[in-house]
Amino acid sequence: MAVTPNSIVSPQMPKSAACAVTTANTTFSTSPTNTVLLLTAGSNGARVTKLQAIPLETVTANFLQVYRSTDSGTTKHLKAAATGGSDTVSGTDGPTVIDFGLSDEAPMILQAGEQLYVATGITKGYHFTAEYADY
């Protein structure tokens, strides 16, 4: 979509994204290992309003990570983090959802083509989900 300079561009299309993370990342640098691509912003950027992680199995306390990249994943910068507590997941005990605190009032704004990668500090299954809209 072409945009006009100095004109307001609002989010155009609601989207959602999800990915599974099963391998631990313990390299906390601009080149972390074992991250998974969650989403890529559109050609005019994006507005992320919800970001959550859900354990798929019983987990111990861990470090959940969200990285931003503007160069297709070559360099990643830690943008958000949360502590995932110990959680027993079973057929009779559902998991605790970890929310990263984004909302319509406090979104994460991504530039054109910017990507979000996610990771966890333990080798256990997590699903990360996001709700966002491209501009």
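Here's a quick briefing on the nonpolar core, the salt bridges and one buried threonine in this structure. Keep in mind that this is a predicted model. The largest nonpolar core has 27 residues, and a search of the whole structure turns up three salt bridges.

**The nonpolar core**

- Within the 27-residue core, the residues with the most contacts are Leu38, Leu39, Val48, Phe100, Leu110 and Phe128.
- Plenty of strands chip in: those giving two or more residues to the core are S1 (13-21), S2 (36-40), S3 (46-55), S4 (62-69), S5 (77-84), S7 (108-110), S8 (115-120) and S9 (126-134).
- As background, nonpolar side chains in soluble globular proteins tend to be buried together.
- Take Leu110 as a sample: setting aside neighbours within four places in sequence, Leu110 is in contact with Leu39, Ala41, Gly45, Ala46, Val48, Arg68 and Leu116.
- Two of those partners, Leu39 and Val48, are also on the list of residues with the most contacts inside the core.

**The salt bridges**

- Lys15 and Asp134 pair up through their side chains, with 2.6 Å from N to O.
- That pair links distant parts of the chain, with Lys15 in strand S1 and Asp134 in strand S9, 119 residues apart.
- The two ends sit in unlike surroundings: Lys15 is partly exposed at 32% relative accessible area, whereas Asp134 comes in at 10% and counts as buried.
- Glu57 bridges to Lys124, where the closest N and O atoms are 4.0 Å apart.
- Here the partners are both in loops, Glu57 between S3 and S4 and Lys124 between S8 and S9, and they are 67 residues apart.
- Glu57 is partly exposed, at 33% relative accessible area, and Lys124 is partly exposed too, at 30%.
- Arg68 bridges to Glu114, with the closest N and O atoms 2.6 Å apart.
- Arg68 lies in strand S4 and Glu114 in the loop between S7 and S8, so this pair ties together parts that are 46 residues apart in sequence.
- Both Arg68 and Glu114 are buried, and Arg68 is also one of the residues in contact with Leu110.

**Thr120, a buried threonine**

- Thr120 sits in strand S8, one of the strands that give two or more residues to the core.
- Buried or exposed? Thr120 is buried, because its relative accessible area is 0% and the cut-off for buried is under 20%.
- Leaving out residues up to four places away in sequence, Thr120 touches Val21, Thr23, Ala24, Asn25, Asn62, Phe63, Leu64, Gln65 and Tyr126.

Definitions and conventions:
Residues numbered from 1 in each chain as written. Predicted model: local features only at pLDDT ≥ 70, side-chain atom pairs only at ≥ 80, totals over all residues. Heavy atoms only, no water. Core = buried A, V, L, I, M, F, W, Y, C linked by side-chain atoms within 4.5 Å. Buried < 20%, exposed > 50% of the residue type's maximum accessible area, 1.4 Å probe, protein only. Helix = DSSP H or I, 4+ residues; strand = E, 2+ residues; numbered from the N terminus. Contact = heavy atoms within 4.5 Å.
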